[in-house]
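Please look over the model shown here before reading on. A colleague and a modeller then discuss it in turn.

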Amino acid sequence: MINPPRRAAAYPDREIDCQEAMEPGFQAIVDCMLEAGWTRGEVMSSLRRLIAADNMTQKENAKVEAELAIARAMIRAARPRRS
């Protein structure tokens, strides 16, 4: 089981707590990849690329969401008002 944050709001060690909660799963993935025959360098490089791809996806999704919000607002503004 993954440990949740100690508090819902931000606190000084929240990122450290997140890393500690993630550590067992991360180590399990790395171990499985090494057992499958991948080198540690390949695994770490692939993880960095996956993180970069996820960051790019999140940015693109945010951009699309903003564009959709603008388009919806423009459509609402163009509608005739009911009396």
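The exchange below concerns a predicted model.

Colleague: How many helices and strands does the chain have?
Modeller: Two elements named here are helix α1, residues 14-35, and helix α2, residues 40-78. Strands number zero in the chain, and the helix count is two.

Colleague: What radius of gyration does the chain have, against that of a compact globule of 83 residues?
Modeller: The C-alpha atoms fill a box of roughly 70 × 35 × 20 Å along the principal axes. A compact globule of 83 residues would have a radius of gyration near 12 Å, but the value for the chain is 21 Å.

Colleague: Which residue forms a salt bridge with aspartate 17?
Modeller: The structure holds one salt bridge. Aspartate 17 lies in helix α1, and its partner lies in the segment before α1, eleven residues apart. The closest N and O atoms of the pair are 2.8 Å apart, and the partner is arginine 6.

Colleague: Is aspartate 17 buried or exposed?
Modeller: A residue counts as buried when its relative accessible area is under 20%. Aspartate 17 has 19%, so this residue is buried.

Colleague: Is arginine 82 buried or exposed?
Modeller: Arginine 82 lies in the segment after α2, and together with Arg72, Arg76 and Arg79 it forms a positive surface patch. The cut-off for an exposed residue is over 50% relative accessible area. Arginine 82 reaches 85%, and therefore it counts as exposed.

Key
Residues numbered from 1 in each chain as written. Predicted model: local features only at pLDDT ≥ 70, side-chain atom pairs only at ≥ 80, totals over all residues. Heavy atoms only, no water. Patch = residues over 30% accessible without salt bridge, like charges linked within 9 Å, V, L, I, M, F, W, Y side chains within 5 Å. Areas by Shrake-Rupley, 256 points an atom, 1.4 Å probe, with all protein chains shown as cover. Salt bridge = Lys/Arg side-chain N within 4 Å of Asp/Glu carboxyl O. Lys, Arg positive; Asp, Glu negative; His and termini not counted. Charge placed at Lys NZ, Arg CZ, Asp CG, Glu CD. Helix = DSSP H or I, 4+ residues; strand = E, 2+ residues; numbered from the N terminus. Buried < 20%, exposed > 50% of the residue type's maximum accessible area, 1.4 Å probe, protein only. Rg over C-alpha atoms; globule rule 2.2 N^0.38 Å.
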